[in-house]
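User: Hi! I'm new to this one and would like a friendly tour. Could we begin with the cysteines?
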Amino acid sequence: MPARLPGGLEDVTVGPADTGMEKLIMRHVLLAAAFLLSAGFAHAAEPLEGNWKTASGETATIGKCGNAFCVTLKTGKHAGKQIGKLSGTGGTYKGEITDPAADKTYSGSGTVSGNSLKMKGCVMAVLCKTQTWTRL
């Protein structure tokens, strides 16, 4: 016979017949946890994002801005100036790069490999210059 608890409630013991329901609940909990974890991985940062040491020794920050990634200088004579905007995923990006000293903008691209970022700027896709930046 079930024991009486305060307030007139009965202590009901879960028997072997209820294990199917427990398994179903556990399965739903595990599926929900897996879904939440996978959603977190889908929003992981792109390899391009972060702080980089430029070829001239300044620090540049690359971060999300709208549907692209903005390149902004954090140190040096042109600190605070946005010098690029790139779009892409998975380590390969294209867009525009500005030489802050000359104040000229070029078509550009960036490719991330480990802790290195190869930034390439081109005039009319013929004359190109490449720099390698290092992740800080």
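Analyst: Happy to. This is a predicted model, and in it cysteine 65 and cysteine 70 form a disulfide with their sulfur atoms 1.9 Å apart.

User: Nice. What is the handedness of the disulfide of cysteine 65 and cysteine 70?
Analyst: The torsion about the S-S bond is about 85 degrees, so that disulfide is right-handed.

User: And is cysteine 70 buried or exposed?
Analyst: Cysteine 70 is buried, with a relative accessible area of 10%. Its partner, cysteine 65, is partly exposed at 22%. The cut-off for buried is under 20%, so cysteine 65 does not count as buried.

User: How many disulfides are there?
Analyst: The count is two disulfides. Besides the pair above, cysteine 122 is joined to cysteine 128, with an S to S distance of 2.1 Å. The link of cysteine 122 and cysteine 128 is right-handed, with 110 degrees about the S-S bond.

User: How accessible is cysteine 128?
Analyst: Cysteine 128 has 37% relative accessibility and counts as partly exposed. Cysteine 122, at 12%, counts as buried.

User: So what is the pairing in sequence order?
Analyst: If you number the bonded cysteines along the sequence, the pairing is 1-2, 3-4.

User: Let's zoom out. What does the secondary structure come to?
Analyst: The protein has one helix and ten strands. Following the sequence, you meet them in the pattern β-β-α-β-β-β-β-β-β-β-β.

User: How much of the protein is buried?
Analyst: Buried residues are 21% of the 136 residues.

User: Which residues touch the most other members of the largest nonpolar core?
Analyst: They are Leu48, Ile62, Val71, Leu86, Leu117 and Trp133, in a core of 15 residues. At least two core residues come from each of strand S4 (59-65), strand S5 (68-73), strand S6 (82-89), strand S7 (92-99) and strand S9 (116-123). S5 gives the largest share, three residues.

User: Leucine 117 caught my eye. What does it touch?
Analyst: Leaving aside residues up to four places away in sequence, leucine 117 touches Leu48, Trp52, Ile62, Gly110, Thr111, Val112, Gln131, Thr132 and Trp133.

User: Switching topic: how much space lies in the largest pocket?
Analyst: About 490 Å³. Its lining has 18 residues, and those closest to the pocket's centre are Ile97, Thr98, Asp99, Pro100 and Gln131. S7, S9 and strand S10 (127-135) are the elements that give two or more residues to the lining.

User: What classes of residue make up that lining?
Analyst: By class, there are eight nonpolar, six polar and four charged residues in the lining of the largest pocket.

User: One last topic, backbone angles. What is phi of aspartate 103?
Analyst: Phi of aspartate 103 is near 55 degrees, which is a positive value in a residue other than glycine. Aspartate 103 sits in the loop between S7 and strand S8 (104-113). With a relative accessible area of 53%, aspartate 103 is exposed.

User: And where does alanine 125 lie?
Analyst: Alanine 125 is in the loop between S9 and S10. Its phi is near 60 degrees, a positive value in a residue other than glycine. Alanine 125 is exposed, with a relative accessible area of 64%.

How values were computed
Residues numbered from 1 in each chain as written. Predicted model: local features only at pLDDT ≥ 70, side-chain atom pairs only at ≥ 80, totals over all residues. Heavy atoms only, no water. Disulfide = S-S within 2.5 Å. Buried < 20%, exposed > 50% of the residue type's maximum accessible area, 1.4 Å probe, protein only. Core = buried A, V, L, I, M, F, W, Y, C linked by side-chain atoms within 4.5 Å. Helix = DSSP H or I, 4+ residues; strand = E, 2+ residues; numbered from the N terminus. Contact = heavy atoms within 4.5 Å. 1 Å grid on protein atoms, 1.4 Å probe; cavity = no way out; pocket = protein on both sides within 12 Å on 5 of 7 lines; lining within 4 Å. Points joined across faces, edges and corners; volume = space filled by probe spheres on them. Nonpolar A, V, L, I, M, F, W, Y, C, P; charged D, E, K, R; others polar.
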